[in-house]
Amino acid sequence: GCPMSGTAVIDWLSFTFDGYSDGKVDSLVRTWLREWMQSGMVGESGNGLYGFTNSVSFSTMADDLIRGEFVPVAVMAWGGERQRGRVYVSINGTGCSMIKDWGCVQRILETMKARITRVDVAVDALDGEFTVEQAQEWYETKGFNAGGRTPTYKVEGDWLTATGACRTFYVGRRENGKYARLYEKGRQLGNRESNWNRFEVELHNVDREIPHDICTNPSAYFVGCYPCCEGLVDVGAERIKTLRAEHDISLRKLKSYMRIAYGKLIHVLRFVHKDDELQLLKDLTV
């Protein structure tokens, strides 16, 4: 069930949508999953998740994966006053690999005006077309610099002695909304001779809006993630624009308006409050 090298696949998808206060939302999501994976779904109720009061874990019978056993493919959560009708759905790697029609997924997300909160896009090098050592070289030659500072990196696994155990090269931090993993997938699955490597980028909607068409066009978005991705997939790059720069610009404008309009007043207040900046802030904001 490995995809061919040279195309990106979606390996995780989480999204939220609004406007559901009734208790039938779990059967709606079950219907979607059944349609997307063309497979029967079993739902098991849980005690809530991530601040939602209700949750359901979905599993399916997957012949080609684990014969005769139910395999977890997705979770969903909803309910609770603070959530205001928001519903959360997350499909894991197994579930994503079983989706037959990503166009159908995209249409539902568009119809529901869903927000993608996390998506992982992955490219496989089944015969060692790229390696974890290469990831190190890309890092050193700024292949992971996407318009900003050099991101942080860390390594995991057996880099010092050749035991054949899986090695992973991580770039970036999950909290910043973009996190890359290059690892020896075949070795992770237990084949110490394997040359199968995987390059996975985990995207979160931190300072960025993840477009719905990533569902049907993951390769283009994968290529747009980092300069080093460009030679790995033969498509044009689509970049997910970050919103942070726009936030910074509007904050700068507000500061300059404030300086013009209230600069003198703040100067006088600071004199009155002497060193108590906190009291000054309270006076201005309460």
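Begin by selecting aspartate 101 and glycine 103 at the start of helix H3, where a side-chain oxygen of aspartate 101 comes to within 3.0 Å of the backbone nitrogen of glycine 103; bear in mind throughout that the model is predicted.

Extend the selection to the whole of H3, residues 102-111, a helix that is mostly covered, with 7 of its 10 residues buried. Those buried residues are Trp102, Gly103, Cys104, Val105, Gln106, Ile108 and Leu109. What do the buried residues of H3 pack against? Colouring the surroundings separately will help here, for the partners are strand S1 (8-17), helix H1 (25-37), helix H2 (93-98) and strand S6 (115-125). Just after H3, pick lysine 113, whose phi is positive at about 50°.

From there, move to arginine 118 and tryptophan 12, and turn the view until the ring is seen from the side: the charged end of arginine 118 sits over the ring of tryptophan 12, 4.3 Å from its centre.

Now zoom out to the protein chain as a whole, which has 8 helices and 10 strands, and in which 42% of the 286 residues count as buried. Among contacts between residues at least 6 apart in sequence, 56% join residues at least 24 apart. The accessible surface comes to about 16700 Å², and 51% of that area belongs to carbon and sulfur atoms.

The next stop is the aromatic residues, which form 18 aromatic pairs in the structure. Select phenylalanine 144 and tyrosine 226, an edge-to-face pair with 5.1 Å from centre to centre and 70° between the planes. Because phenylalanine 144 lies in the loop between helix H4 (132-140) and strand S7 (153-156), and tyrosine 226 in the loop between helix H6 (218-223) and helix H7 (244-273), the pair ties together parts that are 82 residues apart in sequence. Both phenylalanine 144 and tyrosine 226 are buried.

Then select phenylalanine 199 and phenylalanine 222, whose ring centres are 5.1 Å apart and whose planes meet at 80°, so this pair is edge-to-face. Phenylalanine 199 belongs to strand S10 (residues 197-204) and phenylalanine 222 to helix H6, so the pair joins parts 23 residues apart in sequence. Phenylalanine 199 counts as buried, at 0% relative accessibility, and phenylalanine 222 likewise counts as buried at 0%.

To see these rings in context, display Phe130, Trp138, Tyr139, Phe144, Tyr153, Trp159, Phe169, Phe199, Phe222 and Tyr226 together, since they form one aromatic cluster. Finish at tryptophan 159, where arginine 167 lies over the face of the ring, at 5.1 Å from its centre.

Definitions and conventions. Residues numbered from 1 in each chain as written. Heavy atoms only, no water. Buried < 20%, exposed > 50% of the residue type's maximum accessible area, 1.4 Å probe, protein only. Helix = DSSP H or I, 4+ residues; strand = E, 2+ residues; numbered from the N terminus. Contact = heavy atoms within 4.5 Å. Polar contact = N/O pair within 3.5 Å; in protein donor to acceptor, adjacent residues only side chain to side chain. Areas by Shrake-Rupley, 256 points an atom, 1.4 Å probe, with all protein chains shown as cover. Phe/Tyr/Trp six-rings, centres within 6.5 Å; stacked < 30°, edge-to-face > 60°. Lys NZ or Arg CZ within 6 Å of the ring centre and 35° of its normal.
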